[in-house]
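Okay, thanks for making room for me today. I'll put the model up and then talk through how a few of its helices pack.

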Amino acid sequence: MEIVKRQISNRQLNESELNAIMPKIMQWTKEHDDLLVKEVLALDPYSSPKGSTERSNVWDSIAGHLNACSYVKFAVSGRSVKDRLQLVLIRNYKRKMSEEIRASGIEVDGLSDFETAMEEIAEKFDASEKDAANQSEDKKDKSEKEKKQAEETRNQALERIGETKKRKVDEADESRDQNSLKSRRRQGNETIIYLKQKAEQDIKVRQEELQLKRDAQVAQENHQKDMMQHLMKQHNQQMSLFNAFQQQQQQQMQQMSQIQMSFIQQQQQQSQTLLSVLKELAQKNK
């Protein structure tokens, strides 16, 4: 903390320095973890689809509630609380339960309140991951099905083109020039229909991919913006506290100077009075 105060008092901090200094202030403790688990149970981020804007907003809300806590200090973002829960708390809980089951050979009873909460959260997390995997598999199957349908459409178009060519060859003796012209037109129309369908499918797929990328970029930008606003707010608060401390020290120094001056003046007055008395006594003795 003293290093942070000296750096803040000497100059304004830029973005990279804030990112390097501010996170060191936040140290996770059991009390922090308890409050995080309670917020997760209350807002339930795993009820929203994985990777969705809704789930990201829930993580940001959890971080906002924790940062607003007055009796336990937090300096977190939506990403940091999600990582703390999934990469630390859930993994530690699962590892501990697995070790206890292997050691005893039976299910673990008598869980603490924190472990009971973690059990519920871990189940929701696993269910969410399973749903996300299933949805990914469904999308993959859908994509393969669409590719297969497109291939079948192409093959059917080519088969129709082949059948038309064969029929036109058989009818060439009746009206070779006229039928040949009609055949070429029909082939061209069928090919155009196929190419149009394929182009529409490709455009639709690209539009969906671009929309997903835009949504992810917007969510990332909003997250970074919120994080920077929070860090700047903390920085301004610390600057205000530091300035108030400096003003208080200056006032105390002024008060001490005034007291010293008053004491010196009193000493001078007493000395002058004593000299006057001594002079009067000396004159009387003469």
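Before the packing, one bit of vocabulary: when I talk about a helix axis, I mean a line fitted to C-alpha atoms over the stretch in contact, and the angles run from 0 to 180 degrees between N-to-C directions. And two packed helices are described by the angle between their axes and the distance between the axes.

So, with that in hand, take H4, residues 53-67, against H5: the axes come within 7 Å and cross at roughly 95 degrees. Anything from 65 to 115 degrees counts as roughly perpendicular, and H4 and H5 are therefore roughly perpendicular to each other. Who's touching whom? On the H4 side you have Trp 59, Asp 60, Ile 62, Ala 63 and Leu 66, and they meet Gly 78, Val 81, Lys 82, Leu 85 and Gln 86 in H5. By type, that contact splits into six nonpolar residues, two polar and two charged.

Let me step back for a second. This is a predicted model, so confidence matters. Mean pLDDT for the protein is 82, with 83% of residues at 70 or more. The part to be careful with is residues 1-23, where pLDDT stays under 50; the model has 26 contacts beyond four places in sequence for that stretch. Overall we have seven helices and zero strands, so to speak a run of α-α-α-α-α-α-α along the sequence. There are 286 residues, and 23% of them count as buried. If you look at contacts with a separation of 6 or more, 65% come from residues 24 or more positions apart.

Back to H5, residues 78-104, because it has another partner: the axis of H3, residues 30-43, comes within 11 Å of the H5 axis, and the two cross at roughly 105 degrees. That makes H3 roughly perpendicular to H5 as well. Here Asp 33, Leu 36, Val 37 and Val 40 from H3 meet Val 81, Arg 84, Leu 85 and Leu 89 from H5. This contact divides into six nonpolar residues, two charged and no polar ones. Val 81 and Leu 85 turn up in the H3 contact, and you've already heard both names in the H4 contact.

What about H3 on its own? With 14 residues, H3 reaches 20 Å from first C-alpha to last, close to the 20 Å expected at 1.5 Å a residue. The buried residues in H3 are His 32, Asp 33, Leu 35, Leu 36, Val 37 and Val 40.

Right after H3 comes Asp 44, in the loop between H3 and H4. Is phi of Asp 44 positive or negative? Positive, near 50 degrees, and in a residue other than glycine. For context, most residues other than glycine have a negative phi.

Last stop, Ile 62, which sits in H4. Its relative accessible area is 0%, so Ile 62 is buried. Leaving out neighbours within four places in sequence, Ile 62 is in contact with Leu 36, Glu 39, Val 40, Leu 43, Pro 45 and Val 81. And if you want a distance to check on screen, Ile 62 and Ala 42 are 20 residues apart in sequence and 9.3 Å apart in space, C-alpha to C-alpha.

That's me done; happy to rotate the view for anyone.

Conventions
Residues numbered from 1 in each chain as written. Predicted model: local features only at pLDDT ≥ 70, side-chain atom pairs only at ≥ 80, totals over all residues. Heavy atoms only, no water. Helix = DSSP H or I, 4+ residues; strand = E, 2+ residues; numbered from the N terminus. Parallel < 35°, antiparallel > 145°, perpendicular 65-115°, else oblique. Contact = heavy atoms within 4.5 Å. Nonpolar A, V, L, I, M, F, W, Y, C, P; charged D, E, K, R; others polar. pLDDT = per-residue confidence, 0-100. Expected span 1.5 Å × (residues − 1). Buried < 20%, exposed > 50% of the residue type's maximum accessible area, 1.4 Å probe, protein only.
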